[in-house]
Amino acid sequence: MNAPLASRTVNRAYVLGPDGGILRAHDLTCQSDEEAIRNAKEHASGNAVELWNRGRKIALIPLGGSPFKVF
């Protein structure tokens, strides 16, 4: 069962290019940081991804997907 919208947060996954610049951004509505990390990995498509919740950096998923750093 899906959680009510009030208990979910909107995170943003930034797909990074080889130079570290942002190629794309994806809004992810998730119930937890763990769920957001799983969803962000799906957008990696051969690139590194930074996952943020407003001003809080949640994780850096490097090229290849793992190991990744959780902040």
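Student: What share of the 71 residues in the chain is buried, and what makes a residue count as buried?

Tutor: Buried residues come to 34% of the 71. The word fits because each of them has under 20% relative accessible area, whereas over 50% would be exposed and anything in between partly exposed (1.4 Å probe, protein chains only).

Student: And where do the values come from?

Tutor: This is a predicted model, where local features need pLDDT of at least 70 and side-chain atom pairs count only at pLDDT 80 or more, while totals for chains, interfaces and linings use all residues. Residues are numbered from 1 along each chain as its sequence is written, and side-chain values use heavy atoms, with hydrogens and water left out.

Student: Why is 33-42 called helix H1?

Tutor: A helix is a DSSP run of H or I with at least four residues, a strand is a run of E with at least two, and numbering starts at the N terminus, so residues 33-42 get the name H1. The chain has one helix and five strands, in the order β-β-α-β-β-β from the N terminus.

Student: How do you know that strands S1 and S3 pair?

Tutor: Pairing takes at least two DSSP bridges, and five join S1 (residues 9-16) to S3 (residues 48-53), so they pair. These two run antiparallel, and Arg 12 has Trp 52 in S3 as its bridge partner.

Student: What makes S2 and S5 edge strands?

Tutor: The five strands form an open antiparallel sheet ordered S2-S1-S3-S4-S5. Strand S2 (22-30) and strand S5 (69-70) each pair on one side only.

Student: Which residues of H1 are buried, and what covers them?

Tutor: They're Glu 35, Ala 36, Ile 37 and Ala 40. Their cover, judged by contact (heavy atoms within 4.5 Å), includes S1, S2, S3, strand S4 (56-61) and S5.
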